[in-house]
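Colleague: I'd like to walk through this model with you, ligands first and then the strands. Could you put it up on the screen?

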Amino acid sequence: MTVKDILDAIQSPDTTPDDFAALPLPESYRAITVHKDETDMFAGLTTRDKDPRKATHLDDVPVPELGPGEALVAVMASSVNYNSVWTSIFEPLPTFGFLERYGKLSELTKRHDLPYHIIGSDLAGVVLRTGPGVNAWRPGDEVVAHCLSVELESSDGHNDTMLDPEQRIWGFETNFGGLAEIALVKSNQLMPKPQHLSWEEAAAPGLVNSTAYRQLVSRNGAGMKQGDNVLIWGASGGLGSYATQFALAGGANPICVVSSPQKAEICRAMGAEAIIDRTAEDYKFWKDEHTQDPKEWKRFGKRIRELTGGEDVDIVFEHPGRETFGASVYVTRKGGTIVTCASTSGYNHEYDNRYLWMSLKRIIGSHFANYREAWEANRLVAKGKIHPTLSKVYSLEETGQAAYDVHRNLHQGKVGVLCLAPEEGLGVRDEELRAKHVDAINRFRNI
Ligand SMILES: C/C=C/C(=O)SCCNC(=O)CCNC(=O)[C@H](O)C(C)(C)COP(=O)(O)OP(=O)(O)OC[C@H]1O[C@@H](n2cnc3c(N)ncnc32)[C@H](O)[C@@H]1OP(=O)(O)O
Ligand SMILES: NC(=O)C1=CN([C@@H]2O[C@H](COP(=O)(O)OP(=O)(O)OC[C@H]3O[C@@H](n4cnc5c(N)ncnc54)[C@H](OP(=O)(O)O)[C@@H]3O)[C@@H](O)[C@H]2O)C=CC1
């Protein structure tokens with residue numbers, strides 16, 4: 001039995017759930033990994049010069065043992081997220097420390113502590129096997145997986161599963177991730193695959209869509225409402241392309257920050273009107289490595305007021321971090337919210353706290369999404385209200401290049417990866433819904 005037999009079963013319209021359940025598992029499968037004995041390979045290089053193409057490998061790995069509450073999924077397609085960039089440049093920490101810590105939790109979690117880390121936090125595919133105690137899913141189900149892994153043995157996580165002390169991001173802080181032909185997930189990561197999308201389209205939104213939903217829409221995040229002015233950094237990037245769609249679909253007014261006319265055009269095509277090209281307008285929030293320039297914050301704020309008819313922003317959707325955070329705090333309106341989920345340009349932020357406390361602003365930390373939030377975000381995709389922002393698709397062998405593109409900000413929206421799927425465009429089950437939205441689905445393609 002090889003993965004090819006699994007692919008044949010998936011591609012045959014006659015395969016029944018019982019047939020899937022009876023398929024023997026292969027001994028090994030191909031997966032994108034980083035290696036524990038290579039975590040020092042970039043010593044002395046700047047972050048920019050660390051090259052994911054050098055650290056990622058395509059390895060044959062054994063199929064992991066399936067535990068209670070878990071599922072093995074045949075991965076048709078995945079996508080590159082920035083967390084895989086972090087893993088593959090070993091910043092801010094090598095992810096093997098996370099695997100070691102997880103491995104200490106129980107006999108079963110020891111499986112994750114390996115000298116290789118199979119990365120990737122998105123997938124679209126087909127359930128192959130479910131472990132004891134899984135009743136909601138069965139072999140043959142076409143699924144996507146969100147990336148929240150929780151144990152939920154402590155009471156702490158039972159109001160909001162993101163607060164579980166054993167909360168981890170699958171494929172980043174756990175092993176057996178989605179950039180592979182087979183993945184191991186907990187069954188409470190599974191969600192129905194949107195039927196009008198191909199495998200690679202369905203795999204693209206997952207992580208960023210769920211994150212943007214919690215960060216911007218959910219009451220656990222900024223709780224955006226109709227009419228809010230929302231400043232969105234990187235508005236055509238991974239997170240930003242979903243934040244922009246949520247703002248527009250929710251009756252808010254996105255102010256989209258991008259770095260090229262091409263990206264400005266994509267935002268316009270999504271329906272945004274207020275757009276700032278940060279490169280053309282040449283904002284320099286930092287005079288040097290240690291000193292910010294409040295005059296530049298003010299120039300940026302004036303530009304926002306020009307675009308909004310004199311209003312300041314209710315919400316800033318933050319993730320660039322150190323480079324932009326001072327400006328983000330400054331331009332937020334009295335009583336407004338800065339909601340942050342990342343620090344791409346540096347995690348030691350500086351801002352003038354007078355503008356925070358005197359104007360009663362709030363900074364909210366947000367991280368991924370709980371199952372319910374991920375489910376709601378996926379439901380919006382399945383209903384054709386939010387669309388994938390897939391621009392380019394790579395083969396599994398080319399994942400290093402795909403991660404390099406994201407690291408160097410050469411990409412638009414999301415970058416997809418074909419795992420078992422032999423070509424793009426497969427897996428669409430609802431042609432009618434697709435036809436209704438096909439232009440929006442293809443908006444980011446090949447630009
Ligand atoms: C979905 C996609 C998401 C993304 O893309 S996010 C972007 C990518 N992710 C990242 O860049 C994050 C990477 N993660 C990290 O950098 C680290 O993960 C953290 C800095 C977040 C945490 O570091 P750590 O070393 O795991 O945690 P500590 O809090 O420093 O814990 C170490 C020891 O310190 C103890 N400790 C924690 N809080 C306190 C406290 N308040 N007072 C005293 N001690 C404390 C702990 O218990 C533990 O102890 P003991 O080593 O003995 O187990
Ligand atoms: N905590 C969580 O749950 C999550 C955290 N993240 C983190 O969020 C960050 C962004 O992820 P994602 O959106 O997928 O990445 P992308 O690279 O796809 O998009 C980010 C965009 O931000 C803009 N940007 C980058 N650097 C700067 C800067 N210095 N100043 C202003 N704008 C900048 C760029 O847009 P442009 O050049 O057009 O301005 C870029 O396209 C990453 O660090 C990632 O790890 C992501 C998902 C979940």
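**Ligand pockets and a sheet**

Colleague: How far does a backbone N or O atom of Cys-341 lie from a nitrogen atom of ligand 2?
Modeller: Bear in mind that this is a predicted model, where local features need pLDDT of at least 70, side-chain atom pairs count only at pLDDT 80 or more, and totals for chains, interfaces and linings use all residues. Residues are numbered from 1 along each chain as its sequence is written, chains are lettered from A and ligands numbered from 1 in the order written, and side-chain values use heavy atoms, with hydrogens and water left out. A polar contact here is a pair of N or O atoms within 3.5 Å, and for the Cys-341 backbone and that ligand 2 nitrogen the distance is 2.8 Å.

Colleague: Which residue has a polar side-chain atom 2.6 Å from an oxygen atom of ligand 2?
Modeller: Trp-86 puts a polar side-chain atom 2.9 Å from a ligand 2 oxygen. The 2.6 Å pair belongs to Ser-259.

Colleague: And how much of ligand 2's accessible area does the protein cover?
Modeller: Areas come from the Shrake-Rupley method with a 1.4 Å probe. On its own, ligand 2 has 910 Å², and the protein's cover takes 91%.

Colleague: Which element gives the largest share of the shell around ligand 2?
Modeller: There are 26 residues around ligand 2 (a heavy atom within 4 Å). Helix 4 (82-89), helix 7, helix 8 and helix 11 (322-331) each give two or more of them; helices are DSSP runs of H or I, at least four residues, and strands are E runs of at least two, numbered from the N terminus. The largest share, three residues, comes from helix 7.

Colleague: Over to ligand 1: what percentage of its accessible area is covered?
Modeller: Its surroundings include Asn-83, Trp-86, Phe-98, Phe-172 and His-367. Arg-101 has a polar side-chain atom 3.1 Å from a ligand 1 oxygen, and helix 4 and helix 5 (96-103) each supply at least two shell residues. Of the 1,100 Å² that ligand 1 has on its own, the protein covers 35%.

Colleague: Now the sheet. Which strands stand at its edges?
Modeller: Six strands form an open, parallel sheet, in the order 13-12-11-16-17-18, with pairing set at two or more DSSP bridges. The edge strands each have a single partner, so one side of each lacks a neighbour in the sheet: strand 13 (274-277) and strand 18 (362-365).

Colleague: What is the bridge partner of Ile-338 in strand 18?
Modeller: Strand 17 (residues 332-340) runs parallel to strand 18, and four bridges join them. In strand 18, Ile-338's partner is Ile-363.

Methods
Polar contact = N/O pair within 3.5 Å; in protein donor to acceptor, adjacent residues only side chain to side chain.
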